[in-house]
Structures are given as structure tokens and as C-alpha cells.
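Reader: I would like to go through this model and ask what justifies the terms used for it. Please set each value against its criterion.

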Amino acid sequence: MTTATKTINVFIADPLSEDGIFPLRQEQDLDLNIIVDTGLAPEELIAKIADVDVLLVRSQTTVTREVIEAAKNLKLIGRAGVGVDNIDLTAATEHGIIVVNAPDGNTNSAAEHTIAMMTSLARHIPQAFNTLKNGKWDRKSYVGVELKNKTLGVLGFGRIGVEVAYRAKGQRMNVMAYDPFLTDERAKELGVTKSTVEEICATADFITVHTPLLPETRNLINKEKFAMMKDGVRIINCARGGIINEDDLYDAIVEGKVAGAALDVFVSEPATDHKLLTLPQVIATPHLGASTIEAQESVAVDVSNDIIKFYKTGTVTNP
Ligand code: NAD
Ligand code: MLT
């Protein structure tokens, strides 16, 4: 455990809530030197990281092996959010660096965003708004579908998937869920139908993914899965780019199998020049699932408190 007399360099590489890092700023027992330096290119981060003890990131910064190897003093990487797919965990482990995340702080915001995207998709709200802003009162092109009595398939039934299901049931949707850890009892308790991926593909009117991006979940929805789906299915991804194969999604929309897709995340971000964005059936947001005042404060408070806990006790809450 590091003593309080040593200066601890905390490098914040992505924009974090100022209220959220308040625990770090007001910490009296530790000598924390807080450096906020965001938007760096990889080589700029590498050049600045040699004396850093704690690196704090959101999702913009990719913490590669090169970054980790250049960070000779690094002890802890804090991820203000859930997904740690932007951090090379193997390299961190090899170098004895602890990685902490904030698993709960943005659950509600991500679930609300998913429901907002699903509703917008069903009712063409972004497209209709865009048309109206351009001076056209077009009521014919934007006839939507109701959510009530439709079936939502949720792939990945963890924190966010469950919260999405609660809200979808409030819209009187039928909910099917797949998660390798979902038990019959839990499914019954939550009022969802425990299903396989294939059953969801064959039955659902809307499919939303809420798994982490892992080797097993990359391309979870691909050409083969689209072929199993009902014509006119609608797809939502507010989890990670890559869980749904983007080329296969593009083809499925162009072929008319998929009626529309709502995407918050892309394989490569920022994704301003993406072929999926050229399709009128696609609505999108720039990775805004966790972008609320509440979630950003919450995740930053959680990682800040974990940093303090680590230096005071040698343990963390969310390794
Ligand atoms: P979580 O860990 O609570 O839930 C993930 C679930 O996925 C777990 O229950 C796990 O068992 C399940 N899972 C793992 N492998 C699976 C597989 N092969 N098939 C089906 N299910 C599988 O995580 P969460 O808080 O619900 O977040 C889920 C993901 O959403 C995060 O990993 C992150 O990438 C993403 N996310 C995105 C935003 C955003 O801003 N768009 C915000 C928060 C989280
Ligand atoms: C997450 O994994 O928590 C999300 O990507 C949200 C974010 O950090 O922007």
C-alpha cells in the first residue's frame, strides 16, 4: 500500500463530470496531483504517461499495451463506465495494474436511452423531425408501429437488459430474454420468457443487445441470425459496436429483412462517415447511452472513491 506522503499522479484522459471527481479534489489525506488532459492522440498520451500512477478514462481513450508499457508507475486504471473493452486487460494484468470500473452508475441512463431509441425507431421520430425542420409537413411517410403486444428479444440480461425489460413491460410488450446465467426462477420472477438466441431471432419483433463486447459476443448477430428473423424485425444496439455485424446489418436492411435499426454504438468511433448512416431506416446517436448528468456524476464518483479506497486500504470495490 502506498503511503499518503507520496504524490500520486492521477491523469484524467477523457472528459469526466467535475462533480463526479469532487471526492478526488477534496481528498485531504492523500497527496493527489490531478491532471486533466483530454482528447490526446495515442502517441501524445504515451509521451505524457511515464510518471502517472492512476489513469482515468471513459470510452474515448483506448488503453493499449503500448500505453501500459510506457506507464512505468501505473498502478490503477479507472474506467468511468461499464465496458472495459477499450482497455488491454491482458497487458494490465501482466504489469500488475488493477482495472476498476463503475458497473452500476449508468445502468438507468443506458436503459432509458434504449427505450427512447426503440420508440423513436417504431415511430420514425428522428426522420419525421428532420423532414419537418426542412419545411415539409409529411404525414404519409412516417406511419409507425405500436410497441404494445409486440415481442422484444433481449440478448444479454444483466443490469441494463433487465432494466430495459422492466420498461418494455410497462409498454405492454412481451419480453424474451437470453443470457447464459439467466435461471428459470429469475425469468419467472421478472415476467420474461427465458429463450435461446435462435428462439428470439425466430419470434421477436424488436431485438436489443446488452452483452459486453467479448470474443464470444462479437458478431453475435450476423448474417445467419438475420436469416432466422421475421421479416420487418427492428434492431437496437445501445451496447457495443461489433456485437451486431455491421456489414450483415447493412445487407439485411437493404434486402428488406430488417425494417430499421437504432444504433448508439459502432465498431469504430467516432463513426461520422459510416455506410449504415446513409440508410433512411437507420437512426443513430453518437454513443450517448450513458450521457446524462446523473450517470456521468455517478460513474465518476464511483471510480474516484475506488481510487481513494485503493490508496487507503489496498483494496478496490469493482476490480
Ligand atoms: P452486465 O455485466 O450487468 O450485463 C451483461 C450481461 O451479458 C451479463 O448478464 C452476462 O451474463 C451477459 N452475457 C455475457 N456473454 C453473453 C453472451 N454470449 N450471450 C448473451 N449474454 C451474455 O452489464 P450491463 O451494465 O448490463 O452493460 C452491458 C454492456 O452495455 C456493457 O458491457 C457496455 O459495453 C454497454 N454499455 C453501453 C453504454 C452506452 O453508452 N451505450 C452504457 C452502458 C453500458
Ligand atoms: C459504458 O460502457 O459504460 C458506456 O460505453 C458508457 C460510456 O462510458 O460512455
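Author: The model is predicted. Around ligand 2 are R58, S59, R79, A80, G81, V82, G83, N106, R240, H287 and A290.

Reader: What makes these residues count as being around ligand 2?

Author: A residue counts if one of its heavy atoms lies within 4 Å of the molecule.

Reader: What makes the pair between R79 and ligand 2 a polar contact?

Author: An N or O atom in the R79 side chain is 2.8 Å from an oxygen atom of ligand 2. The cut-off for a pair of N or O atoms is 3.5 Å, so this pair is a polar contact. R58 has a polar side-chain atom 3.0 Å from an oxygen atom of ligand 2, and for H287 the distance is 2.7 Å.

Reader: Which residues are closest to ligand 1?

Author: Ligand 1 is surrounded by 24 residues, and the closest are R159, I160, D179, C238 and D264. A polar side-chain atom of D179 lies 2.6 Å from an oxygen atom of ligand 1.

Reader: How do you know that H287 makes a polar contact with ligand 1?

Author: An N or O atom in the H287 side chain is 3.4 Å from an oxygen atom of ligand 1. Polar contacts are pairs within 3.5 Å, so this one counts. For R240, a polar side-chain atom lies 3.3 Å from an oxygen atom of ligand 1.

Reader: Why are α5 and α7 called oblique to each other?

Author: Helix α5 (residues 107–123) and helix α7 (residues 159–170) pack at an angle of about 50°, with axes 9 Å apart. Roughly parallel requires under 35 degrees and roughly perpendicular 65 to 115, so the pair is oblique. The crossing of α5 past α7 is right-handed. On the α5 side, the contact includes T107, N108 and A110; on the α7 side, R159, I160 and E163 are among the residues involved. By class, this contact has 6 nonpolar, 3 polar and 4 charged residues.

Reader: What makes the peptide bond between E269 and P270 a cis bond?

Author: Its omega is about 0°. Most peptide bonds are trans. P270 lies in the loop between β11 (258–263) and β12 (282–284).

Reader: What is the phi of H124?

Author: Phi of H124 is near 55°, a positive value in a residue other than glycine. Most residues other than glycine have a negative phi. H124 sits in the loop between α5 and α6 (125–133).

Technical notes: Residues numbered from 1 in each chain as written. Chains lettered and ligands numbered in written order. Predicted model: local features only at pLDDT ≥ 70, side-chain atom pairs only at ≥ 80, totals over all residues. Heavy atoms only, no water. Axes fitted to C-alpha atoms, helices over the stretch in contact; angles between N-to-C directions. Helix = DSSP H or I, 4+ residues; strand = E, 2+ residues; numbered from the N terminus. Parallel < 35°, antiparallel > 145°, perpendicular 65-115°, else oblique. Left-handed = near helix turned anticlockwise from the far one by under 90°. Contact = heavy atoms within 4.5 Å. Nonpolar A, V, L, I, M, F, W, Y, C, P; charged D, E, K, R; others polar. Polar contact = N/O pair within 3.5 Å; in protein donor to acceptor, adjacent residues only side chain to side chain.
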